[in-house]
Structure formats: structure tokens, C-alpha cells
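Trainee: Before we look at the model, I would like to go through the terms used for it one by one, and to hear what each label rests on.

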Amino acid sequence: MDPPAQWTLPLPPEEVRVLVSGYQSWSEAELRPLTERQSVPLMRWRHEQGHDPAFLPSGEAGVWRSHTLVALIRPDGGGWVGCAGNATSTFTHWEARAGQGGVEVTCTQEGPPTGVAWEETDDVIGTVEALTALLGQTMNARTPPALRVWCSWYSYYRDVTLEAVLDNARLARDLDLPFDVFQLDDGFQAGIGDWLDPSPDFGGHARELPGPLSELGFTPGLWLAPFLAAPTSRLAAQHPEWLLRGEDGTPLLAGHNWGTPHHALDTTHPEVLAWLRDLAATVRGWGYPYLKLDFLFGGALPGVRHDPTVSRAQAYRMGLQALRDGAGEDAFLLGCGAPLAASVGLVDAMRTGPDVAPYWEEESRRVWLGDATGPSARNALHTALSRWYQHAWYQPDPDVAIVRRERSLLNDEERGAVAGMLDVIGGLRASSDPLGGLDERELALLRQCVEISLPDRPRTLARSLGGAVTHFGRGTFNLTQKAAQGIPAHGYREEFHD
């Protein structure tokens, strides 16, 4: 699509709401009045790690940018919907801008031109669902049955040990908790990039875990960040030519985590693709048919690649395809921190919001630094709820329930809102609480949270309690700071009709 496609909508901007979706798992998805301001993080490293640095949020009042899909909603619930027809090779960017007495909508593409839909409709909700379902069909979306997962991250973070995972697995069996998968998260490896070497603090090797987990009746799962390499890793030292580079020829810094910046691999390099296939095949050979692949945005960052003829979307899918080839067609791949639409057809499930955390929000970061891509219960709900339609692309993963009251700042209303989100989204169900510390009340909530449900639909996009999609068929969320419509702040009420 060159030059950009443009439309002018003859309606007052102050009467319009806009539904936008950010680039990757953690990027914000919102439902906001068009005349409000879309936040852009002040911290540069959050541009790479939370957004697409080539198409950032605008930061301007009345200007909203969205990836793949955009919708503009009138007070009567009708409006306009734009959606990419295919994301295999191309990133589709939308911008809606409040003008003098009208709204200007622009669509641009990065990569080979591909078709887009732009429709006026009396039913924005239904049109969003229909167009995104068509995109999923075109890209051969994988939507296997949802799984119930326990993961180690929010219990132990990087201090996880082999025995701690097994202790929780044994307790889950004894308590008859209905988990399908036990996932070992970050902390087992020597370093980011050096996945096959154990951390000296892990108390064993990751290949020792699948056997005992399988004997307990659980599918073993493993976390990897396969497109990243720590500057101190053996991978980066031995293969500097594998790293994505800037225009000056030096390796790019691809965000900041684990207390340090990190590098991204060049997924157009044949040796990198071979290494990714071998990595996935190796851990599958250890006995892990379920892989959580995190920080995948690294494969699509702007940079100088081995093959300069390949678009960023194509480069990303080349790397993801190598991982799929190595793991096998029957492996279950969960993407995270990943370009969303560009992953359709290669992943089975996808994180559709930021990390949940055992607190409602980090307001200073969101308000003063303009960054709502970081961990918090509020951020997870805000974004995952506003991507309800993505169950046509993969199994959505809205992240874990947190039911514990110790080592948590969430109150009962907030824990209930997280549980309500899992029910409404209807995708993967996950927990990461240390099971030995849960009392009967907490265990009852956990059992509720891992009960598989069908995806719910919004009742309206013309109203919102908190800048996101909040009114669903089975209940209403209040993401604001005070009670509204009989719902406490940060709360959820089932079967609420107004």
C-alpha cells in the first residue's frame, strides 16, 4: 500500500471512541475517547521492549496509532473498522487523527503491500470479530484446546530450583489440582543465550525435570528467550556475527532486563536459524513438548540484517519457523513479548497483555513515565480485555491468576477482577502461586481460576469504566480508582446489566 491509504470521516471527533491494539504482547490495547492522549514511554529502552520503535504511540492529544486493527466507535455502537488481511510479511500501521470537525484515518504498511479491509458498520463488535477471524483463517491460525498451566515465575522468579518445581508438582497431584502443564520458567540456565548450561543455583539440570513431571501426570513445559543474548553470554562472545546490528555496525541493544541490556539475534542469518532449530530440537529431546518463547520482539527490531532484502515481519517469522521446525508440529508453542499478528499460524497460544503482578499497578511508572507495558494486574486487565477478539488467532494467554494473600498487595476485589478476566478471555488458564502456602479459601479460588471457559464478547464499546473494553456479556469490570455503577474500584461483577 504505497502511498498510504487515507479516509476522512465527517463526524465530530469529541463523539468518537477509538479501539487500538499495540504491536506486541505487552504494548497497550485501549478503548479511549479519540480526543485524549496516547502515551509514549519517556524511557528509550521501553520503546524497544514495550513497543515497535519504528511506529511508536503518538504522544499527541487526538492522535492514536494502532497495529493490524483499528476501530472508531460512534455513541450508537456503529462506526468504522480497519484490519489487515495478512500479516505474514508485512506490518500494517493505522493512525486516527482528530481534525477540525472530522477524523482523518491513515493506513501505512512496512513490507510487501497486502490487502486491508476498511468497513463502515452498524455493529463494530461483530465486524472486528469477523475481520480478525478472516485474518486468522488466511494465516492458518492454530487454536488448540486451552491448557491449564502452573509456572514457577511468580513463586520463585530467578531463584527457582529443580526441587521446588517438583515439590509443587507433587502437591498439585496430592491436592488433585487439574493442571495439564508444569512449566519451568527463567532461572534454570547459565545465562540468556546459554540455555544448555545449568545455573549453579538451580540444583540440577533442566533435562532432569521432564521425567519426574511426566511420572506425576503433568506435561513438562520450559521457558526460553531464544532471540536474545546477554552481552556476557558465551553465545555473544563466540558468534558476534550473529547479532542484529545498527547502522554503525555495532550490535544493537534490544531493551533492558535481568539488570543489563541485551542483544538480539539476526534471524536472517543461516547459522542463527540452524542454531534456533537445534535449540528447540534439543529441549524437545529433553522431554519438553510445551515451550514458552519469550521476548520474541527481538527478532523483529529495526536493524541491519544479514539479508537486507527481508522485511522485519519476514525476518521474525523466519526465526519463529525455525523454532517450530525444531520443536515439531505437535509441540505447543506459547509466544510472549511477541509481535501479535505476525505470529499467527506458528504459535499455539500468545500472551495478550503485560505480566500480572501481586499488586494492582505501578501508577508512577504509568502516569509520570508514560509506560503501561510493565507488570501489574491493572495493566494486564486493561490490555488483555481490549484484545478479546484474538482468540481467532491463537489461544489467548492473559497470564496467571494470583490467589495468594501473603506476599501479595492485591485485595479481594482485585483478585476477583483477575479471575473474571480469565473467565472472559477464555484461553489458557495459569497459576504461579506456591501451592504449599495456600489455604482452603485460596485453593477454592485457584480451582475456579483454572476452570476452562468459552470466550465472552463485549456488550458495548460505546462505554467504558477505565479506558479499556470493560462491559462483557458475563460481567463488567471497573478499572477506575473509585466505585462506579455499583462496582467497587478495581472490581468485577458477574451478570451486571445496566
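Trainee: What makes β5 a mostly covered strand?

Mentor: In this predicted model, buried means under 20% relative accessible area, exposed means over 50%, and partly exposed lies in between, with a 1.4 Å probe and protein chains only. By that cut-off 5 of the 5 residues of β5 are buried, so the strand counts as mostly covered. The name β5 itself comes from DSSP, where runs of E of at least two residues are strands and runs of H or I of at least four residues are helices, numbered from the N terminus.

Trainee: Which residues show that both faces of β5 are covered?

Mentor: L69, A71 and I73 lie on one side, V70 and L72 lie on the other, and all of them are buried. In a regular strand the side chains alternate between the two faces of the sheet.

Trainee: How do you know that β5 is paired with β2 and with β6?

Mentor: Two strands pair if DSSP finds at least two bridges between them. There are 4 bridges between β2 and β5, which run antiparallel, and V20 has V70 as its bridge partner in β5. β5 and β6 are joined by 5 bridges, also in the antiparallel sense, and A71 has V81 as its partner in β6. Both counts meet the requirement, so both are pairings. β5 and β6 also form a hairpin with 5 residues between them, and G77 in the turn has a positive phi of about 95 degrees.

Trainee: Why are β3 and β9 called edges of the sheet?

Mentor: The open sheet has 5 strands in the order β3-β2-β5-β6-β9, with antiparallel pairing. β3 (29-33) and β9 (116-121) each have a single partner strand, so one side of each is left without a neighbour in the sheet. For β3 that partner is β2 (residues 17-21), paired over 5 bridges, with L19 opposite L31.

Trainee: What makes helix α2 a helix that packs on this sheet?

Mentor: Contact means heavy atoms within 4.5 Å, and α2 (residues 124-138) touches β2, β5, β6 and β9. Its direction makes about 10 degrees with that of β6, where angles run from 0 to 180 degrees between N-to-C directions and axes are lines fitted to C-alpha atoms, for helices over the stretch in contact.

Trainee: Why is N140 called exposed and Y157 partly exposed?

Mentor: N140, in the loop between α2 and β10 (148-151), has a relative accessible area of 59% and is therefore exposed. Y157, in the loop between α3 (153-156) and α4 (162-174), has 32%, so it is partly exposed. Each has a positive phi in a residue other than glycine, near 55 degrees for N140 and near 50 degrees for Y157.

Trainee: What is the handedness of the crossing of α7 and α8?

Mentor: A crossing is right-handed if the near helix is turned clockwise from the far one by less than a right angle, and left-handed if anticlockwise. α7 (residues 270-286) and α8 (residues 312-327) pack at about 35 degrees, with axes 7 Å apart, and α7 passes α8 in a right-handed crossing.

Trainee: What limits apply to these values?

Mentor: Residues are numbered from 1 along each chain as its sequence is written, and side-chain values use heavy atoms, leaving out hydrogens and water. Local features need pLDDT of at least 70, side-chain atom pairs count only at pLDDT 80 or more, and totals for chains, interfaces and linings use all residues.
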